[in-house]
Amino acid sequence: MFGLMMNTPLLISAIAEHAARYHGGREIVSVTADNPRHRYTYGDCIGRAKKLANALNGLGAKRGDRVATLAWNDYRHLEAYYGISGAGHVCHTINPRLFPEQLVFIINHAEDRWIFTDVMFVPLLEAIADKIPNVEGFVVMTDEAHMPETQLSNVMCYESLIADESDEFDWPEFDEQTASALCYTSGTTGDPKGVLYDHRSTLLHAYAAVAPDVMSMSSRDVVLPVVPLFHVNSWGSPYAAFMAGAKLVLPGPKMGDGEVLCELLDSEDVTLSLGVPTVWLALLQYCEKTGKRLDKLQRTLIGGAAVPRSMIQEFRDKHDVEVRQGWGMTETSPLGVASTLKAGLENRSPDEKLDFAAKAGRGIFGCELRIVDEEGSALPWDGEAYGPLQVRGPWVCSDYFKLDGSAGTHTDDGWFDTGDVATIDPEGYMAITDRTKDVIKSGGEWISSIELENTIMAHPAVAEAAVIGIAHPKWTERPLLVVVKAEGQDVTGDELLAFYEGRVAKWWIPTDVEFVDELPHTATGKVKKIELRRQFKDYQLSG
Ligand code: ADP
């Protein structure tokens, strides 16, 4: 027997309408290439998103067509999110930091009909234009006054495109599992793979995001997403913020600039910010140097890579800011776990609480977790057993775009194999020990590169660190610690190795230390281990 409740579809346009009706006056502040502080409201945003939806109809866009964006976090990109998906097309966000060959691959693979681009990415498109012949037009997201000279053909100016369109648009109603957005993984191994979100998954994920133990986002919040709109929908923040009615502050091209972020956090009264650890490293370094304190910020959601314990401590002790760690991936929309303290753990010592905060987090309702052994049998949640992490839920991908199951990432019983290795403790807190391909195998056992990195990050002379496995005749592999020294600090390799004593198992302590000026980063700001391994491929260990 079915229940007797309405089957109203969960559509992105419904969030837009809700935001415009209840929070129409709420502000959206953007830094753009042509305006240091653009301000308007949710009402303005949705009005312009409707103009865009009308303009896309005028161009001949059909349901399901892929319309790409190549842009920073600002109000025009936000309008594209709602205008494109709301009208029933697929918003394909492209990461401008990908290599040109990868851009060509994903634009052709996605069969994008139009690309909406920021002015600064026009040269990037010019360089690959002859390799993406199926793109029918390029829309430069600026006004006539700032239109660049370009060799691209069929170029339109965003402001002119929407100028004469009506801000009335009847959002179409369709099945909630209709595709809404497309994001490709960074393709660190092989070609990038397309994750195709739908309206239902996006809305369910947004409900989860605003929940108290996840982002805890309300209409009283001011949210600064430093995670790009071009990667995993900025962790769903544009949908969650509109659902909650939170003020949005979008940093545009200034995402990695500690000074700009600090100023925005302060002057716009930001209460919640989201970003990867490298971004916060830049901010904390800037604060340390200038003696600035983050007085208004209440909490940060940090994920995308393991959050060093020392970073959580610094936010807590110097700025009174709560760090919520999260784990997720493109394939999981991305929220999978978040690390708030559970009832019953309040009386633990500050150190033990920090131990929980330093784990990736505990399951969010809607994303089931399990760790398995080599045969695929579930491992115990004892905080000790580790194995491949598998997940399932309504916002986890069931396949990749146009790959028809060939990626081999899903199990026969319907779970997605994340490619991460993890432990889960009896309280349900999951900790990532490594990506499967980054695991260091020493003497038949695994060493967690992440734990070695997090441990050494607490040393004051270390700005950034990465640990990779180097081939060893006896042990298969041994860890090499690669370190960027903190500004004005000096330290020797032996001193760093001594720092590990008593903090990790003796046989985990890296065999060698190398100092570098900087570490290679991926398009999403994570340490690019594959590149680092390439750099050190001929490295001779000392022992
Ligand atoms: P890519 O790095 O290829 O762009 P994603 O952005 O989807 O892909 O990154 C997902 C990966 O990032 C996860 O599989 C995991 O390895 C890593 N990651 C995310 N959050 C955490 C975390 N809190 N701790 C450790 N690793 C994390």
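Begin with the enclosed spaces: this predicted model holds 2 cavities of 30 Å³ or more.

**Stop 1: the largest cavity**

Select Thr32, Ala33, Asp34, Trp72, Asp74 and Arg76, then add Asp118, Val119, Met120, Met141, Thr142 and Pro253; together these residues line the largest cavity. The space they surround has a volume of about 100 Å³. Colour the selection by residue class, and the lining divides into 6 nonpolar, 2 polar and 4 charged residues.

**Stop 2: the second largest cavity**

Clear the selection and pick Tyr197, Ser201, Thr202, His205, Asn233, Gly236, Tyr239 and Ser333, the lining of the second largest cavity. About 50 Å³ of space lies inside this cavity. Which helix gives the most to the lining of the second largest cavity? Show helix H7, residues 199-210, which supplies 3 residues of the lining. Colouring by class here gives 2 nonpolar and 6 polar residues, with no charged residues in the lining.

**Stop 3: the domains**

Now colour the chain by its domain assignment, which gives domain 1 as residues 12-198, domain 2 as 364-435 and domain 3 as 439-535. Keep domain 2 and domain 3 in view; their C-alpha centres lie 26 Å apart. The contact between them takes 6 residues from domain 2 and 8 residues from domain 3.

How much area is buried between domain 2 and domain 3? The value is about 580 Å², and carbon and sulfur atoms give 52% of that area. On the domain 2 side, select Tyr386, Thr433 and Asp434. These residues supply 66% of the area that domain 2 buries against domain 3, more than any other three residues. A look for salt bridges across the interface of domain 2 and domain 3 ends with 0 found.

**Stop 4: a salt bridge**

Widen the search to the whole structure, and 40 salt bridges are found. For one of them, select Glu27 and Arg39 and show their side chains; the closest N and O atoms of this pair are 3.1 Å apart. Why does this pair tie together separate parts of the chain? Show strand S1, residues 27-32, and strand S2, residues 35-41: Glu27 lies in strand S1 and Arg39 in strand S2, so the salt bridge joins parts that are 12 residues apart in sequence.

To finish, keep strand S1 on display and return to the first selection, where Thr32 is among the residues that line the largest cavity. Strand S1 covers residues 27-32.

Conventions:
Residues numbered from 1 in each chain as written. Predicted model: local features only at pLDDT ≥ 70, side-chain atom pairs only at ≥ 80, totals over all residues. Heavy atoms only, no water. 1 Å grid on protein atoms, 1.4 Å probe; cavity = no way out; pocket = protein on both sides within 12 Å on 5 of 7 lines; lining within 4 Å. Points joined across faces, edges and corners; volume = space filled by probe spheres on them. Nonpolar A, V, L, I, M, F, W, Y, C, P; charged D, E, K, R; others polar. Helix = DSSP H or I, 4+ residues; strand = E, 2+ residues; numbered from the N terminus. Domains from an automatic or database assignment. Contact = heavy atoms within 4.5 Å. Buried area = accessible area lost by both parts, 1.4 Å probe. Salt bridge = Lys/Arg side-chain N within 4 Å of Asp/Glu carboxyl O.
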